[in-house]
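Please open the model in a viewer and keep the selection panel at hand. The tour below proceeds from the overall layout to two sites.

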Amino acid sequence: MGKKNTKRAASRKDDGAWHFQKDDMLELSIEDMGIDGEGIGKADGVTFFVKDAVIGDRVRVKVMKMKKNYGYARLTEIVEPSPYRVKPRCECHRQCGGCQLQALSYEKQLEFKERKVRNNLSRIGGFDNVEALMEPILGMEEPFYYRNKAQFPVGRNKEGRIVAGFYASRTHSIIPTRRCHLGDSVNERVLEIVIGFMERQGIEPYEEQSGTGLVRHVLVRKGFATGEVMVCLVINGRRLPVAELLVDELCKLDGMTSIMLNVNEKNTNVILGEELILLWGKEYITDTIGDIRYRISPLSFYQVNPVQTKKLYETALEYAGLSGTETVWDLYCGIGTISLFLARKARRVYGVEVVEKAVENARDNAKINGLSNAEFFVGKAEEVLPEFYARGGRNGEMLHPDVIVVDPPRKGCDERCLETIVKMGPGRVVYVSCDSATLARDLKYLCGNGYELVKAQAVDMFPQTVGIEVVCLLSKSHVE
Ligand code: SAH
């Protein structure tokens, strides 16, 4: 073993506690995993976080950084692999960091996610009966190739060749890979065509430091049920030279339906700009979930895992407990996905969404499905809902809905939104969440204000990653 791996003995502090320093070498048993999928092990009572180590591993690590009561260490050797360790399918999974759990068996991934939700609900939400409330997590039969959307940054490698791939974890250096095992095989074909076109036509990739160059990202979306494909090039400008040559080639791909440009001239980490330019085909692709058809534009949010989305929406629908007479609000409704699922079983549905283009999609979606009982409003949930309430609504039923569904982004609901939900007092609240920590915080608020958590269902929308989606049913408590 090289010099680097020589074990330096940890020294004892005056108070008798063990004291570790940067570069110390240690051997640890990984007994738990943290919320970001890092392994957790203890040495002399001190907790260490070790990226890429999985539960059940015996590992050798090098201390990188010490905090007061814990430290971060780098995996240098797996002394004894965990029985739950599997061979990752992707060669660059460690560098990429997108699939934090790929080295862990799928069964254990599901256990990890269930535990994460349970811990957040009990520690942050203060619920003491979580075990009884949680239904068994819904996993996937084939936990790969499930993503219907990919966004590849484009740049140059050290040798000066144009590359596309993924950003290495927490950096902006591109790992050139056209094959991601979470995505569809059409992605590789699209990247081959786009990069070949750029090389032949001398079109420059965007360069972050100088803000020069044209092509920033390639966005690919596919409707898994319909086979329709969308390609959107995000460019630092408003025109792509000889675009017709690119269009000619992309059109040959099966299912090509929409080819667009997205203008992003800002020096920002945000991938998409606001303006879209149609190069060929339609401005959207269509996909179906269950028997509802959806039109999706590049700027609209659409769940990335259609197989699991169906399970998620069916659970939300079941929890809403509709019989056909109900009035429902669907807050953070995106392109009206959940709203339309509900509209078939409710009397009336009102959706609220902040992205205007998504609301346009939602209105079209209601039309193409022949659903005339869904209406959509553009704006922030925490503004639209309180305004309606303050104005007395358009009619009584809007003020006192039977059910309110919320599906906010990671940061959860604004308190003004929760406050108004409580005032409106629907019999049921269905909370769909992609972040169980903010979910737990918001449930605590609702349950402190007259609601009761009835059940929670975790759905694994993002296998191989630490992400987990949860649907919760709350009902108005009888005794307040
Ligand atoms: N329910 C939809 C979308 C969920 S994602 C679906 O399942 O497809 C969350 C959505 O909330 C996004 O469409 C996002 O644009 C929107 N959003 C974010 N902040 C918002 C806010 N303050 N008010 C209303 N919508 C918001």
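## Domains

Begin with the centres of domain 1 and domain 3, which, taken over C-alpha atoms, are 41 Å apart. The model is a predicted one. To see the division of the chain, colour residues 1-85 as domain 1, residues 130-139 together with 305-476 as domain 2, and residues 149-289 as domain 3.

## The ligand site

Next, select the ligand and the residues around it. The shell comprises 17 residues, and Y313, T337, E353, A381 and D407 are the closest of these. Colouring the shell by class shows nine nonpolar, four polar and four charged residues.

Which atoms should be displayed for the contact between T337 and the ligand? Show the side chain of T337: one of its N or O atoms lies 2.8 Å from an oxygen atom of the ligand. Then move to E382, where a polar side-chain atom is 3.0 Å from a nitrogen atom of the ligand. For Y332, display the backbone instead, since a polar backbone atom of this residue is placed 3.1 Å from a ligand nitrogen atom. On its own the ligand has 570 Å² of accessible area, and the protein covers 90% of it.

Now switch to the cartoon and highlight α7 (337-343) and α9 (381-390); these are the elements that contribute two or more residues to the shell around the ligand.

## The second largest pocket

Leave the ligand and turn to the second largest pocket, which holds about 800 Å³ of space. Where is its centre to be found? Select D36, E38, K51, D52 and R170, which lie nearest the centre among the 29 residues that line this pocket.

Extend the selection to β6 (58-66), β7 (70-80) and α1 (93-96), each of which provides at least two lining residues. Which element gives the most to this lining? It is β7, with five residues.

Finally, colour the lining of the second largest pocket by class: 14 residues are nonpolar, six are polar and nine are charged. For a side-by-side view, return to the shell around the ligand, with its nine nonpolar, four polar and four charged residues.

Methods: Residues are numbered from 1 along each chain as its sequence is written. This is a predicted model: local features need pLDDT of at least 70, side-chain atom pairs count only at pLDDT 80 or more; totals for chains, interfaces and linings use all residues. Side-chain values use heavy atoms; hydrogens and water are left out. On a 1 Å grid over the protein atoms alone, a cavity is a set of points where a 1.4 Å probe fits but cannot get out, and a pocket is an open set with protein on both sides within 12 Å along at least five of seven lines; lining residues have an atom within 4 Å of a point. Grid points are joined across faces, edges and corners, and a volume is the space filled by probe spheres set on the points. Helices (H or I, at least four residues) and strands (E, at least two) are DSSP runs, numbered from the N terminus. Ala, Val, Leu, Ile, Met, Phe, Trp, Tyr, Cys and Pro count as nonpolar, Asp, Glu, Lys and Arg as charged, and the others, Gly among them, as polar. A residue is near a molecule or strand if one of its heavy atoms lies within 4 Å of it. A polar contact is a pair of N or O atoms within 3.5 Å; within protein, one must be able to donate a hydrogen and the other to accept it, and residues adjacent in sequence count only if both atoms are side-chain atoms. Accessible areas come from the Shrake-Rupley method with a 1.4 Å probe; for residues, only the protein chains shown count as cover. Domain bounds come from an automatic or database domain assignment.
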